[in-house]
Amino acid sequence: MSEISYNWLKELPKIELHLHIEGTLEPELLFKLAKRNSAQLPFNSIDEVKKAYQFSNLQDFLDIYYQGAEVLLLKQDFYDLTWAYLLMCKEQNVIHVEPFFDPQTHTSRGVPFETVVNGISEALVDAKEKLGITSRLIMCFLRHLSEESAIETLKSSKQFSDVIYGVGLDSAEMGNPPEKFVNVFNQAKDMGYKLVAHAGEEGPASYIWSSLDVLNVQRIDHGIRAIDDPDLMLRLIETQMPLTICPLSNVKLRVFDNMASHTILDMLDLGVCVTVNSDDPSYFGGYMTENFLALYDSLGLTKDQATRLVKNSIDASFAKESRKKELYNLLQTYISD
Ligand code: ADE
Ligand code: ZN
């Protein structure tokens, strides 16, 4: 096989399973929405914003990320944010997406739950019609807040159960273990939602175990600390439990010192169902193609590995079986061309 190029990776059909829609807010749109909504920003220029995107850890990033989200007020804002991400997906041949959104980030500022969901979901509907991109929307609970607040949020979601497909858990991991959310995850399961949770990003491998055994999740978001625990690695391999890994995010948030020390391809070659995702692309230096490219540049990603990563994403997705077949066919056609 010939060498991987930026274009080959850009055209490779891709699936995104770990993407915070609020994390796609590009500085240009941030300024546009701030102006439109008369919101104050602590920055004077796009350059200043970009310079501020240097993080020492997850909390450092979260502080700026929640601040940025304050410009989102109206349904149109959520639509525009989501649509801009979907246009980027089209450009990079990302053909199925399962975005997260954080309702509490907005409802805590007085933005109605339905404003957020309707804006995002209308863009997702348009993407299917106009761009051929399919999706499953996942609502995340903020783990630095209480379980009661998560339960309130779950209740608000009830009337949108036709557009919200699953629930997840994100925000500050350390000190907020999965066990804190056992009741809300049990209730979400009873309501028929798919379950996922961030675990083992900054937190220990034990948080991955408890996400699996206490929260009963169907995917682990990040999960990179699994490599510290051989028994957990065996479990992940035996059950083919998917990990949604975000290489550029992990380097930006100093989970790895550099891309050359990232363990995603070691895990792939050991048989773990790892996938590539962009997390918060506006803040971390790139979307799906750039994440794949980083693996090529620093770890020598091969075409075979890239193909296996996409196959894992198809298997791990919540798309219906007929759509999974289509996704497989699109991938197969591309790699055999
Ligand atoms: N929210 C947005 N990005 C996140 C991340 N990488 N980890 C936890 N919570 C998040
Ligand atoms: Zn994330």
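**Group meeting talk: a zinc site and its surroundings**

Let's start with the metal. Along the sequence, the residues that donate to the zinc ion (ligand 2) follow the spacing H-x1-H-x177-H-x80-D. His20 sits in the loop between strand 1 (14-16) and helix 2 (27-36), while His198 belongs to strand 7 (residues 194-199), so this pair ties together parts that are 178 residues apart in sequence.

A word on the source. This is a predicted model, where local features need pLDDT of at least 70, side-chain atom pairs count only at pLDDT 80 or more, and totals for chains, interfaces and linings use all residues. Residues are numbered from 1 along each chain as its sequence is written, chains are lettered from A and ligands numbered from 1 in the order written, and side-chain values use heavy atoms, without hydrogens and water.

Back to the zinc. Which protein atoms are the donors of the zinc ion (ligand 2)? They are His18 (NE2), His20 (NE2), His198 (NE2) and Asp279 (OD), at 2.0 to 2.3 Å from the ion. Donors here are N, O and S atoms within 2.8 Å of the metal (3.2 Å for Na, K and Ca); water is not among the atoms, so sites may look incomplete. The angles between the four donor atoms run from 83 to 174°, which makes the arrangement irregular. Four donors would be tetrahedral if all angles lay between 85 and 135 degrees; four count as square planar and six as octahedral if opposite donors are over 155 degrees apart and all others between 65 and 115; anything else is irregular.

Are His20 and His198 buried or exposed? His20 is buried, at 4% relative accessible area. His198 is buried too, with 4%. Buried means under 20% relative accessible area, exposed over 50%, and partly exposed in between (1.4 Å probe, protein chains only).

Now the sheet. Helices (H or I, at least four residues) and strands (E, at least two) are DSSP runs, numbered from the N terminus. An open sheet of three strands runs in the order 1-2-4, with parallel pairing. Strand 1 and strand 4 (134-135) are at the edges with a single partner strand each, so one side of each has no neighbour in the sheet. Two strands pair if DSSP finds at least two bridges between them. Strand 1 and strand 2 (residues 94-97) are joined by three bridges. Lys14 stands opposite Val94, and Glu16 has Val97 as its bridge partner. Strand 2 and strand 4 share two bridges. There, His96 is partnered by Thr134.

Next, helices. Helix 16 (residues 303-316) has 14 residues. Of these, 10 are buried, so helix 16 is largely enclosed by the rest of the structure. Among them are Leu309, Val310 and Ile314. In helix 10 (residues 205-213), the buried residues include Tyr207, Ile208 and Leu212. The buried residues of helix 10 pack against strand 7, strand 8 (219-222) and helix 11 (230-239).

One last residue. Leu81 lies in helix 5 (residues 75-91). Leu81 is buried, at 1% relative accessibility. What does Leu81 contact, leaving aside neighbours within four places in sequence? Ile21, Glu22, Thr24, Leu25, Leu29 and Leu72. Contact means heavy atoms within 4.5 Å.

Notes. The expected span of a helix is 1.5 Å times one less than its number of residues.
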